[in-house]
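Here is a short tour of one protein chain, from its paired strands out to its overall form. Keep the structure open as you read.

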Amino acid sequence: MSDSSRFDAVIIGAGVIGCSIALALARKGYRTLNVDRLPAAGYGSTSSSAAIIRPYYSTMEGTALAYEGHFYWREWADFVGLGAGADLIDYVQCGCLVLMPAGEDRLAATQRTLTAVGVPFDVLGPEEL
């Protein structure tokens, strides 16, 4: 087998996760190969992403991981090597508003999880809105 066809890691998938893994490994000196059934990188669920970074999930682990990731996204241009203030990448921290009819508590579990992880949030009444 020729040296040009040898890889340290073969990554199944070329979406945002597969490409992120490849980048991280390549920065450590590994030769990587992404394999995907679709015609190009980013065609799968990545192509349908709304690019929303939100910390409210049904599990403590999902919430904690998403909240920690938020801090990395703020420095994304530097991470990918474009430098701060790059015109091609903008991270806009705008918050989120979830509406719930008065008297319902369907977000109680979510609020407990956000509090346990340390994610700041406010519960607003009609007057504040």
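Before we start, one cut-off to have in mind: a residue is called buried under 20% relative accessible area, exposed over 50%, and partly exposed in between. Please also remember that this is a predicted model.

## Two faces of strand 1

Let us begin with strand 1, residues 9–12. Ala9 and Ile11 make up its covered face, while Val10 and Ile12 sit on the uncovered one. This fits a general pattern: in a regular strand the side chains alternate between the two faces of the sheet.

Isoleucine 12, which belongs to strand 1, is a good example from the uncovered face. Its relative accessibility is 73%, so isoleucine 12 counts as exposed, given that the cut-off for exposed is over 50%.

## Pairing with strand 2

How do strand 1 and strand 2 run, and how many bridges join them? The two are parallel, with 4 bridges between strand 1 and strand 2, the latter covering residues 32–35. Within this pairing, isoleucine 11 is found opposite asparagine 34 of strand 2, and valine 10 has leucine 33 of strand 2 as its bridge partner. Isoleucine 12 and leucine 33 are 21 residues apart along the chain, yet 8.5 Å separates their C-alpha atoms.

Between the two strands comes helix 1, residues 16–27, and together strand 1, helix 1 and strand 2 form a β-α-β unit that is right-handed. Alanine 26 is one of the residues in helix 1. With a relative accessible area of 42%, alanine 26 is partly exposed. Its C-alpha atom is 12 Å from that of valine 10, a residue 16 positions away along the chain.

## A nonpolar patch

Which residues make the nonpolar surface patch? Phe7, Val10, Ile12, Leu33 and Val35 do, over an area of about 440 Å². Strand 1 and strand 2 are the elements that each give two or more residues to this patch.

Leucine 33 deserves a second look, as a patch member that lies in strand 2. Its relative accessible area is 31%, so leucine 33 is partly exposed; to join a patch, a residue needs over 30%.

## The whole chain

Stepping back, the protein has 4 helices and 2 strands, and along the sequence they follow the pattern β-α-β-α-α-α. The radius of gyration is 19 Å, well over the 14 Å that the globule rule gives for 129 residues, so the protein is more spread out than a compact globule.

The dimensions can be read beside that value: along its principal axes, the C-alpha trace spans about 70 × 30 × 25 Å. What share of the 129 residues counts as buried? The figure is 14%, with buried meaning under 20% relative accessible area.

Conventions: Residues numbered from 1 in each chain as written. Predicted model: local features only at pLDDT ≥ 70, side-chain atom pairs only at ≥ 80, totals over all residues. Heavy atoms only, no water. Buried < 20%, exposed > 50% of the residue type's maximum accessible area, 1.4 Å probe, protein only. Pairing = 2+ DSSP bridges. Right-handed = clockwise from strand over helix to strand, strands pointing away. Patch = residues over 30% accessible without salt bridge, like charges linked within 9 Å, V, L, I, M, F, W, Y side chains within 5 Å. Areas by Shrake-Rupley, 256 points an atom, 1.4 Å probe, with all protein chains shown as cover. Salt bridge = Lys/Arg side-chain N within 4 Å of Asp/Glu carboxyl O. Rg over C-alpha atoms; globule rule 2.2 N^0.38 Å.
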